[in-house]
Amino acid sequence: MRKIIASLIGILFIVASFLFAKKLIADKNKPKPIAAKVVKTVFIDTVQNSTIPIIIPANGSLKAKQRVELYSEVQGVFRNGSYLFKPGQSYRKGQTLIRVDAAEYYASVQSAKSNLYNSIAAIMPDLRLDFPDVFQKWQTYLSGFDLNKTTPKLPEMTSDKENYFITGRGIVTNYYNVKNLEQRLSKYNISAPFSGILTQALVTEGSLIRNGQKLGEFINPSIYEMEVAISESFADILKAGETVSLTNLDKTETYNGVISRVNGSIDAATQTITAFIEVKDDNLKEGMFLEANLNAKSIDNAIEIDRNLLTDNQEIYVVKDSLLDVLPVKAVHFSDTKVVIKDVPNGTIILKRAVPGAYAGLLIKPYVEEAIEAKTSN
């Protein structure tokens, strides 16, 4: 029985081997399927060289061109003025920004002026007797001396004898002491050096102000400057007086600025040069962030394409007889999204948009935008 079963298994194995061998022979003789050629549709453009302006993007925040930080040079109590000393308050040129109580110091100034007046009055009899030719001018000076006004300049001394006499009585010394006190008295009132607006107020009415204390900041809101850093490669190109286009971050507003000055030194750490752009507009505020487009120079006989169309080997894809080919080019300027290239002959057909998986020899079909647009309009 065991021999019969073994014989049947052997026969089945032989039959299975024969059928498997027959199938392998049939598959070997079966013709291979022909792969269909893949034709990619691409966007193309025809090269027309022209003069390409190089635009340098830069950004920065606005700062008032005229700015004053207010500091106190005297000590006293801050008194109320015509306007509240608060941020946003406008002042005209010459109006009082800050008034410090100077009653005590004013009394000392008046005392010094009175002493000067008395000193001059005391020498008048001697002048009448010893210097009759100069008596009248000193009499006129004394008559015009007003304690409530600024001390007038002493009469000019025309001779050495007069000079020795007046100086010996201590009048010149007293005069300059009075002028020194008057100069310091003027610092108890701080006036607006120009028409502007208060942007920072660090004290309030009734506060005790100390010598050297910062009181606030005052700016002219009619003119601003923006500081931008540009690559040192453009150091010899940027010139003062060139017009600059400025936009806000939302690209909703455009302003015209002018390069007011260019720094004469290059930052050693960043290898950049600083330029200052002056801009005027009623809608601008200090601290606004703007983007600038600086006209650096122009490149002749060049074209501008997307950066992703330039390969790592400084080549671009061109179309020749429905096939892609590569063309070496010279890149002369890179921006964030564009590149300016040269050495591309006029009339050359290049890709307008990048093609994934592109290679030299790829079969392509140009996408005719005009035909699609005409069909859509109909």
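Helices and strands are DSSP runs, with helices of at least four residues and strands of at least two, numbered from the N terminus. In this predicted model, Gln95 lies in the loop between strand 6 (90–91) and strand 7 (96–100). The points below turn to the packing of helix 2 against helix 3 and against helix 5, then to several residues whose surroundings can be followed one by one, and finally to Gln271 and Asn301, which have a positive phi although neither is a glycine.

**Packing of helix 2**

Two packed helices are described by the angle between their axes and the distance between the axes.

- Helix 2 (residues 103–130) and helix 3 (residues 132–143) have axes that come within 8 Å and cross at roughly 155°; because angles over 145 degrees count as roughly antiparallel, helix 2 is roughly antiparallel to helix 3.
- The crossing in which helix 2 passes helix 3 is left-handed, and by class the contact between helix 2 and helix 3 has twelve nonpolar, one polar and two charged residues.
- On the helix 2 side of this contact are Tyr117, Ile120, Ala121, Met124, Leu127, Arg128, Leu129 and Asp130, while helix 3 brings Pro132, Val134, Phe135, Trp138, Gln139, Tyr141 and Leu142.
- Helix 2 also packs with helix 5 (residues 171–185), at an angle of about 160° and with the axes 9 Å apart, and the two helices are therefore roughly antiparallel to each other.
- Helix 2 and helix 5 cross in a left-handed way, and the residues of their contact divide into twelve nonpolar, three polar and three charged.
- From helix 2, the residues that meet helix 5 include Tyr105, Val109, Ala112, Leu116 and Ile123, and among the residues they meet in helix 5 are Ile171, Tyr175, Val178, Leu181 and Leu185.
- Ile120 of helix 2 appears in the contact with helix 3 and also in the contact with helix 5.

**Buried residues and their surroundings**

- Glu278, which is found in strand 15 (residues 272–279), has a relative accessible area of 19%, and because buried means under 20%, Glu278 counts as buried.
- The side chain of Glu278 makes a polar contact of 2.5 Å with the side chain of Lys65; leaving aside neighbours within four places in sequence, Glu278 is in contact with Lys65, Ile223, Tyr224, Glu225, Gly257, Val258 and Ser260.
- Val47, placed in the loop between strand 2 (44–46) and strand 3 (50–64), is buried, with a relative accessible area of 3%.
- Although Val47 and Thr348 are 301 residues apart in sequence, their C-alpha atoms are 5.2 Å apart in space, and Thr348 is one of the residues in contact with Val47 once neighbours within four places in sequence are left aside.
- The other residues that Val47 contacts on that same basis are Ile303, Val344, Pro345, Asn346, Gly347 and Ile350.
- Gln95, the loop residue introduced at the start, is buried as well, with a relative accessible area of 17%.
- A polar atom of the Gln95 side chain lies 2.9 Å from the backbone nitrogen of Arg92, and beyond four places in sequence Gln95 is in contact with Tyr83, Ile190, Ser191 and Ala192.

**Arg79 in strand 5**

- Arg79 is found in strand 5 (residues 76–79) and is partly exposed, with a relative accessible area of 34%.
- Not counting residues up to four places away in sequence, Arg79 touches Arg99, Asp101 and Glu205, and a polar contact of 3.0 Å joins the side chains of Arg79 and Asp101.
- Arg79 and Ser231 are 152 residues apart in sequence, and from C-alpha to C-alpha they are 51 Å apart in space.

**Positive phi values outside glycine**

Most residues other than glycine have a negative phi.

- Gln271, in the loop between strand 14 (254–266) and strand 15, has a positive phi near 55° and, at 40% relative accessibility, counts as partly exposed.
- Asn301, found in strand 16 (residues 289–306), has a positive phi of about 50° although it is not a glycine, and with a relative accessible area of 55% Asn301 is exposed.

Technical notes: Residues numbered from 1 in each chain as written. Predicted model: local features only at pLDDT ≥ 70, side-chain atom pairs only at ≥ 80, totals over all residues. Heavy atoms only, no water. Axes fitted to C-alpha atoms, helices over the stretch in contact; angles between N-to-C directions. Parallel < 35°, antiparallel > 145°, perpendicular 65-115°, else oblique. Left-handed = near helix turned anticlockwise from the far one by under 90°. Contact = heavy atoms within 4.5 Å. Nonpolar A, V, L, I, M, F, W, Y, C, P; charged D, E, K, R; others polar. Buried < 20%, exposed > 50% of the residue type's maximum accessible area, 1.4 Å probe, protein only. Polar contact = N/O pair within 3.5 Å; in protein donor to acceptor, adjacent residues only side chain to side chain.
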